[in-house]
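Welcome! Let us walk through this structure together, going from its inner spaces to the residues and charged pairs around them.

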Amino acid sequence: MRLLYQTHSPFARKALVFALEAGLGERIEVIHHETSPTLRNEAVYAENPLGKVPVLLRPGLPPLFDSDIICAYLDTLHERAPLIPAHGEARWHVLRLQAVAQGLADSGIKVRWETVRRPEALRYEALREGYTQKLLESYDWLERELDVDSPVHLGHIAVATALGWLAFRELPDFRAGRPRLSAWFDGFERRASMRATPLSGETQD
């Protein structure tokens with residue numbers, strides 16, 4: 001399999017960290033591609049009509065895109081304990097964490113547009129503040145709700161890669177007043193899967 005990847009995408013990193021945690025790293029070739037809303041990458045568009053990474057290319061099968069779908073597929077390929085519980089409240093808990101993590105990354109991207117990405121004359125302060133509030137509320141929710149002592153699952157991977165990207169881009173801080181979340185994140189960052197996938201680079205437009 002080949003994974004179309006970007007070293008500064010929280011979503012691509014999530015898929016790759018998941019693959020490593022599932023023991024599938026040796027089965028995946030990682031291929032870096034630069035994409036952004038203002039930079040058309042024809043190779044990525046050929047596999048994903050949204051023009052975004054990650055994209056998982058499977059021999060003889062259609063490509064899979066969106067990190068949620070890629071992770072769900074990868075969880076069917078290994079013999080370890082599932083990283084996405086199959087049934088009951090455990091499943092919904094993990095998927096709920098993934099949804100919050102997705103929202104964190106999406107909100108952070110929007111804050112960044114209104115802070116440094118959009119030309120200054122076109123930035124909308126009220127929109128930036130609205131998305132900043134989503135980040136802060138989600139940090140507080142994770143401080144209360146994250147199951148910090150549970151075996152690793154998709155929710156943990158999604159949250160850690162989202163928080164790592166937010167810190168990498170120097171977006172609103174998640175640490176102040178949240179010791180439980182901060183300690184968990186520091187521990188998770190020391191995992192081999194996270195050390196093997198450091199964030200780097202700038203968005204190319």
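In this predicted model, the search for cavities of 30 Å³ or more comes to a count of 1. That cavity holds about 60 Å³ of space. Its lining is made up of Pro10, Phe11, Lys14, Gln98, Ala101, Gln102, Ala105, Ala158, Thr161 and Ala162. If you trace where these residues sit, you will find that helix 1, helix 4 and helix 6 (154-168) each give two or more of them. Helix 4 gives the most, with 4 residues.

Now look for the largest pocket, where about 750 Å³ of space lies. A total of 30 residues line the pocket, and Phe11, Thr35, Pro37, Lys52 and Ile109 are the ones that lie nearest its centre. You have already met Phe11, as one of the residues lining the cavity. Helix 1 and helix 4 (88-117) each supply at least two residues of the pocket lining. Once more helix 4 is worth following with your eye, as the largest share of this lining, 7 residues, comes from it.

Let us stay with helix 1 for a moment, since Arg13 lies there. Which side chain of opposite charge is nearest to Arg13? It is Glu189, 5.0 Å away, and Arg13 is buried yet has no salt bridge. A salt bridge needs a nitrogen and an oxygen within 4 Å. What Arg13 does have is a polar atom of its side chain 2.7 Å from the backbone oxygen of Thr197. Leaving aside neighbours within four places in sequence, Arg13 is in contact with Tyr5, Thr161, Gly164, Met194, Thr197, Pro198 and Leu199. Of these, Thr161 is also among the residues lining the cavity.

Asp75 makes a good companion to Arg13. Asp75 is found in the loop between helix 3 (67-74) and helix 4. This residue too is buried and has no salt bridge, and the nearest side chain of opposite charge, that of Arg91, is 7.1 Å away. Beyond its neighbours within four places in sequence, Asp75 is in contact with Phe18, Pro82, Leu83 and Ile84.

Leu83 also leads us to Ala22, which touches it along with His78 and Arg80, again leaving aside neighbours within four places in sequence. Ala22 sits in the loop between helix 1 (10-21) and strand 2 (29-32). Is Ala22 buried or exposed? Its relative accessible area is 3%, and buried means under 20%, so Ala22 counts as buried. Ala22 and Cys71 are 49 residues apart along the chain, and their C-alpha atoms are separated by 9.7 Å.

Turn next to helix 7 (residues 179-189), the place of Phe188. Phe188 is buried as well, because its relative accessible area is 4%. Setting aside neighbours within four places in sequence, its contacts are Val152, His156, Ile157, Ala160 and Met194. Met194 is familiar by now, being one of the contacts of Arg13. The C-alpha atoms of Phe188 and Thr115, 73 residues apart along the chain, are separated by 29 Å.

Finally, let us look at the charged pairs. How many salt bridges does the structure hold? There are 11. One of them joins Glu21 and Arg191, with the closest N and O atoms 2.8 Å apart. This pair links distant parts of the chain, as Glu21 is in helix 1 and Arg191 in the loop between helix 7 and helix 8 (192-195), 170 residues apart. Glu21 counts as buried because its relative accessibility is 14%, whereas Arg191, at 31%, is partly exposed.

A salt bridge also forms between the side chains of Glu202 and Arg112, at 3.7 Å from N to O. Here too distant parts of the chain are linked: Glu202 is in the segment after helix 8 and Arg112 in helix 4, 90 residues apart. Glu202 is partly exposed at 47% relative accessibility, while Arg112 is buried with a relative accessible area of 12%. Arg112 and Glu202 belong to a network of salt bridges that includes Arg169.

The last pair on our walk is Arg175 and Asp186, whose side chains meet in a salt bridge of 2.6 Å, N to O. Arg175 lies in the loop between helix 6 and helix 7 and Asp186 in helix 7, so this pair ties together parts that are 11 residues apart in sequence. Arg175 is partly exposed at 33% relative accessible area, and Asp186 is partly exposed at 30%.

How values were computed:
Residues numbered from 1 in each chain as written. Predicted model: local features only at pLDDT ≥ 70, side-chain atom pairs only at ≥ 80, totals over all residues. Heavy atoms only, no water. Buried < 20%, exposed > 50% of the residue type's maximum accessible area, 1.4 Å probe, protein only. Contact = heavy atoms within 4.5 Å. Lys, Arg positive; Asp, Glu negative; His and termini not counted. Polar contact = N/O pair within 3.5 Å; in protein donor to acceptor, adjacent residues only side chain to side chain. 1 Å grid on protein atoms, 1.4 Å probe; cavity = no way out; pocket = protein on both sides within 12 Å on 5 of 7 lines; lining within 4 Å. Points joined across faces, edges and corners; volume = space filled by probe spheres on them.
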